[in-house]
Amino acid sequence: MGDLANLVDLARSVPSESTQQAVGYPSLYLLVVFGSLVPVVPTGAVVSSAAVVAIHQTAPPLSLLVVFGVGSLAAFSGDVMLYWLGRRGVASKNGSRWLERIHDHAAPERLDQAQARLEEHGVAVLVLSRLIPAGRIPVMLACLLARWPLRRFAHGAAPAALAWAVTYQLIGILGGSLFPEPWEGVAAAVALTVVISTTPALWRRLRRRSAGDARSEAAG
């Protein structure tokens, strides 16, 4: 009887699904917006984890639809807010100096590539930049340097946010469907998003190191 009573107490201590949703969806929105403004939160992992939890609920299609809506809206809101803040900086008294400092701190080769692609393909580059790890900020800076108005940037940021939310939600669905327990699916989804986000940076570092070694050998 004691074990049964403990199980009942444990079941009562677990929040209901409606409570989880009431807390989880606003948290999802705030985390993605914050991560878009200050790129320290792994927003892709947040959306993937939310998708894992959603497929284990009683109405997975509806829960996944809400996760997609909240995640894409949050990504769009964060991008537009960050670009608006950038435009305010450009329009300020020291805007030219502000842009010069950004240009100096950004990786020159990536910013140059973003500017060239923006001139050639326009708004479509924003969609691709959202799907490429660490590709969003250089393209956004390129838009600021090109003096794009906020409305034009928003036209590209909207489909970019939708594509981004779909991509990371699919990662979460994949991770959640492979494991019976939600925490296992969350761990798998987070690990996969970390691999996706870090692999390009590691590859670029290895290429730069190889290029440096080749130049050293040639000079020697």
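1. A good place to start is the side-chain pair R136 and D79, joined by a polar contact of 2.7 Å (N or O atoms within 3.5 Å, one able to donate a hydrogen and the other to accept it; residues adjacent in sequence count only if both atoms are side-chain atoms). The R136 side chain also reaches the backbone oxygen of S36, at 2.9 Å.

2. Before going on, please keep in mind that this is a predicted model, where local features need pLDDT of at least 70, side-chain atom pairs count only at pLDDT 80 or more, and totals for chains, interfaces and linings use all residues. Residues are numbered from 1 along each chain as its sequence is written, and side-chain values use heavy atoms, with hydrogens and water left out.

3. Where does R136 sit? Its place is helix α8, residues 136-145 (helices are DSSP runs of H or I, at least four residues, and strands are runs of E, at least two, numbered from the N terminus). R136 counts as buried because its relative accessible area is 13%, the cut-off being under 20% with a 1.4 Å probe and protein chains only; exposed is over 50%, and partly exposed lies in between.

4. Leaving aside residues up to four places away in sequence, R136 touches G35, S36, D79, L82, S129 and R130 (contact: heavy atoms within 4.5 Å).

5. F34, in helix α2 (residues 17-37), is partly exposed because its relative accessibility is 43%.

6. Two spans invite a look side by side. Residues 28-55 are 82% helix and 0% strand, with end C-alpha atoms 16 Å apart. Residues 62-85 are 100% helix and 0% strand, and their end C-alpha atoms lie 34 Å apart.
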